[in-house]
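Trainee: Got a minute to go through this one with me? I'd like to start with the charged contacts.

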Amino acid sequence: MNDQSKAFTMEMDKSGSVASDTVMNPHKVTSRKVSVFYGLKQALFDIDLDIPDRAVMALIGPSGCGKSTFLRCLNRMNDTIPDCRVTGEIKVDGRDVHDPDLDVVELRGRVGMVFQKPNPFPKSIFENIAYGPRIHGLARSKSDLEEIVISSLEKAGLLSEVKDRIHEPGTGLSGGQQQRLCIARAIAVNPELILMDEPCSALDPIATAKVEELIDELKKNYCIVIVTHSMQQAARVSQRTAFFHLGILVEEGSTADIFTNPTDKRTQDYITGRFG
Amino acid sequence: MSDAIAQAPGARTRENYWRTNAAKRRVRRRYAADRRLQYYGLGSIGLAIVLLGILFSSLIFSGYVAFFTTKIGLTIYLDPNVIDKANPGAANYRKMARNAFFTYFPEVTSPMERRQLGKSLSSGAPYVVRNYVIAHPEEIGDLVDIKVPLSDPFDQLSKGVIPREIDALSGDRVALFNVLKRRGVLHVENDKAYVKADVYINPGDVPEGDVEAADYQRMVDEAFRTFYMRAHSRAYEEILSQDVASAVKARVLADPALVGKTIQVNLPLSKHYDNLARTGEAKVLNPRFSSEKDLQWFDSLKKRGLLTTHFTWELFFNADSRFPELAGLSGALTGSFLALLVCFLLSFPIGIATAVYLEEFAPKTRWTDFIEVNINNLAAVPSVVFGLLGLAVFLNVFGLPRSVPLVGGMVLALMTLPTIIVATRAALKAVPPSIREGGYGVGASKHQVMLHHVLPLALPGILTGTIIGLAQALGETAPLLLIGMNAFIPSIENMGLLQPAMALPTQIFSWADSPERGFVSRTSAAILILLSFLIIMNAIAVYLRQRVERKW
């Protein structure tokens with residue numbers, strides 16, 4: 001094992017130990033007055049939201065409320081949509097993501113993302129995971145790369161299932177396995193923040209349970225933001241929840257508070273199923 | 001439920017609505033419409049298959065003979081006194097080949113007859129001998145057996161493509177003749193056919209009673225014309241033999257009292273009509289042969305087993321020739337290959353770069369819209385226009401040489417570019433956005449997403465478009481004609497990007513224009529070869545598509 005991967009492992013150990021002894025961590029992401037426009041249409045209105053480190057923040061709300069849009073602001077994924085404009089300030093680790101000095105590629109390396117539909121590359125499982133570290137130059141040798149792939153698969157709880165077919169196409173896996181492969185792909189570049197955009201909406205309940213277990217495990221080391229339509233899921237996996245409605249952040253608080261004692265009527269209506 | 005019971009039977013309730021006769025009729029009509037639509041489709045597919053079958057069978061039927069050549073074996077003494085070892089190409093091989101051929105007919109001695117006999121041998125025969133000697137210089141001084149082709153008419157005769165004799169009279173002449181037949185005025189006497197006609201010995205045509213100087217031809221014409229009162233042409237005049245007038249003249253000279261009377265005369269027919277009247281057909285020697293002797297010589301060669309049939313390797317390995325029995329496609333294939341190479345090297349990278357820019361990078365402005373619309377329209381521009389463009393720009397402005405594959409390839413590239421661009425853009429569009437998102441999500445930059453993920457996935461579509469574009473370019477004739485890529489290239493030795501050349505389609509075009517019978521089947525054979533190249537290219541496209549295609 002060379003120096004780099006040793007450092008990699010040490011960092012993991014350190015952060016893992018930190019995660020276990022504190023519940024409320026310093027904020028990983030802070031956003032102030034974030035507004036998003038699609039052409040002339042405003043999709044988000046002045047969102048102020050702080051996201052704690054080493055915890056799961058769930059974004060809930062009815063369809064079209066802007067929760068995915070907000071999520072995509074955090075790694076500037078909205079840049080790829082023509083006509084999309086973001087204003088306001090978003091800081092990840094204290095650095096403004098719109099800082100002209102900040103390289104968007106580096107940002108996306110630090111902020112991994114998992115999408116609604118599992119989207120492994122049409123390549124082998126190994127290549128799927130090795131791709132990120134390779135383009136970011138995280139591995140200096142072939143054995144380094146293998147190390148990263150194996151540890152990523154392990155962290156994603158996929159290693160035992162795919163051990164024997166690591167060079168077979170990633171697209172040959174089941175939906176749930178593909179989604180966990182995408183998570184492994186995201187954590188292979190050692191991000192600080194993982195964004196999940198309805199990661200379980202295309203999965204069956206058993207695969208969903210596995211991904212949720214994985215999220216629970218990952219939150220010890222990562223800051224996770226998850227967009228979900230399932231309030232049960234939000235309640236199960238998240239520590240904090242933010243409720244969006246019509247582009248406005250209605251309420252944000254600890255998950256327990258939001259689900260048992262919401263302060264806003266709209267939140268209450270939504271979680272009790274009156275609309276949405 | 002109680003409402004339904006309360007209503008009268010047959011009322012428009014939900015229960016019986018679908019069972020009315022009108023409803024049943026509607027269902028029947030709907031089924032019939034479905035079936036009709038299916039039959040329309042089947043019909044058009046059937047029609048297409050039938051037409052394709054006709055095209056292919058006619059091509060194969062007329063083209064297959066070109067794949068075989070009739071040759072004659074000559075035993076030639078390669079006289080070292082005649083052939084200079086240092087320069088074997090310079091000897092008089094024409095004389096050598098002809099003398100070897102004449103040994104089969106020792107009885108033919110007169111120069112006239114020998115000239116005629118020599119025409120049975122292909123004019124290219126000396127070159128065959130010369131090439132043999134150049135290839136085998138060590139055999140100079142030996143007696144060698146060389147197979148040389150017969151000249152085109154004899155080759156075609158041997159293959160049964162042309163008949164020995166053809167009908168002497170065309171269909172409309174026969175129709176004119178049948179008028180006489182229907183009138184019952186024909187009769188045969190002593191193996192000679194006559195028309196029975198009433199000739200009025202017109203005193204007006206007998207100047208001053210001089211029966212000797214009378215215009216009997218005119219009188220016969222008058223009489224004969226009565227059979228053809230409604231004919232618009234005077235083609236019937238050749239039915240009668242030249243000396244009809246003398247038959248009448250003899251009668252009148254014998255009896256001058258006949259002047260002013262009408263006499264019945266048997267008018268003799270001219271040669272072909274005479275044959276037609278007596279035997280029901282009129283044949284003449286096929287004008288491709290100079291006399292019956294040609295055929296006798298041919299039959300004699302055939303009887304002696306000197307003629308053999310060979311597969312026409314010349315078709316693939318010879319360049320063009322004025323003699324169909326020696327003409328081949330190697331020059332055209334080389335020219336097409338060079339032009340397609342240039343076309344591919346230009347259009348593939350430029351096409352992909354353009355498509356990638358327009359699809360992935362270009363901002364949506366009026367300018368890019370304008371460019372887009374124009375590229376799509378360019379795909380529909382007639383190819384001859386590109387040829388004109390090439391002529392005007394590449395030849396006249398840039399001063400590039402005429403007839404060369406480089407310019408041909410450039411013109412074809414202009415034509416292929418829109419096809420490749422449109423196909424590439426469609427292929428890029430078909431790559432699901434989730435793949436791009438996945439790439440961006442792990443921090444790949446734009447060019448990394450393009451090169452690592454999008455392009456490989458779009459590659460099958462791009463390749464398909466490219467190969468189809470190239471196949472189109474391979475078959476393109478008009479633009480090549482305009483830049484003069486239909487040069488006559490009898491040897492492929494000096495072919496190059498900047499040397500005059502022809503291409504497959506222009507070769508077909510020029511062969512189709514040639515009068516020799518052999519070029520008819522050569523043309524069909526060349527079309528078959530062109531088509532098989534197209535089929536091969538399309539098969540490669542299909543194979544590549546299935547090979548490179550990945551599921552996601």
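Mentor: Sure, definition up front: a salt bridge here is a side-chain nitrogen of Lys or Arg within 4 Å of a carboxyl oxygen of Asp or Glu. Keep in mind that this is a predicted model, where local features need pLDDT of at least 70 and side-chain atom pairs count only at pLDDT 80 or more, while totals for chains, interfaces and linings use all residues. Residues are numbered from 1 along each chain as written, chains are lettered from A and ligands numbered from 1 in the order written, and side-chain values use heavy atoms, with hydrogens and water left out.

Trainee: OK, how many salt bridges does the structure hold over all chains?

Mentor: There are 32 over all chains.

Trainee: Show me one in chain A. What does A:Glu106 pair with?

Mentor: A:Glu106 bridges to A:Arg110, with the closest N and O atoms 3.5 Å apart. Both sit in helix H3 (residues 104–110) of chain A, four residues apart, about one turn of the helix. Helices are DSSP runs of H or I with at least four residues, strands are E runs of at least two, and both are numbered from the N terminus.

Trainee: Are those two buried or exposed?

Mentor: A:Glu106 is partly exposed because its relative accessible area is 37%, whereas A:Arg110 counts as buried at 15%. The cut-offs are under 20% for buried, over 50% for exposed and partly exposed in between, using a 1.4 Å probe and protein chains only.

Trainee: And chain B, what does B:Lys71 meet?

Mentor: The side chain of B:Lys71 meets that of B:Glu314 in a salt bridge, 2.8 Å from N to O. B:Glu314 is in helix H13 (residues 314–317) of chain B and B:Lys71 in strand S1 (residues 68–77) of chain B, so this pair ties together parts 243 residues apart in sequence. B:Glu314 is buried at 12% relative accessibility, and B:Lys71 is buried with a relative accessible area of 12%.

Trainee: What about B:Lys364, which residue is its partner?

Mentor: That's B:Glu372, with the closest N and O atoms 3.4 Å apart. B:Lys364 counts as exposed at 69% relative accessibility, but B:Glu372 is buried at 18%.

Trainee: Which residues do salt bridges with shared partners join into one network?

Mentor: A:Lys28, A:Asp93, A:Glu106, A:Arg110 and A:Glu192.

Trainee: Switching topic: which residues form the positive surface patch?

Mentor: B:Arg19, B:Lys24, B:Arg25, B:Arg26, B:Arg28, B:Arg29 and B:Arg30. Patch residues have over 30% relative accessible area and no salt bridge, with like charges joined within 9 Å and nonpolar side chains (Val, Leu, Ile, Met, Phe, Trp, Tyr) within 5 Å. One of the patch residues, B:Arg26, lies in helix H3 (residues 21–63) of chain B and is partly exposed at 39% relative accessibility.

Trainee: How is chain B divided?

Mentor: Into domain 1 (14–64), domain 2 (66–162 + 308–317), domain 3 (171–285) and domain 4 (330–548); the bounds come from an automatic or database domain assignment. The C-alpha centres of domain 2 and domain 3 of chain B are 52 Å apart.

Trainee: Last bit, back to chain A. Where is A:Leu158?

Mentor: A:Leu158 is in the loop between helix H5 (142–155) and helix H6 (159–162) of chain A. A:Leu158 is buried, at 0% relative accessible area. Its C-alpha is 7.2 Å from that of A:Leu181, 23 residues apart along the chain.

Technical notes: Areas by Shrake-Rupley, 256 points an atom, 1.4 Å probe, with all protein chains shown as cover. Lys, Arg positive; Asp, Glu negative; His and termini not counted. Charge placed at Lys NZ, Arg CZ, Asp CG, Glu CD.
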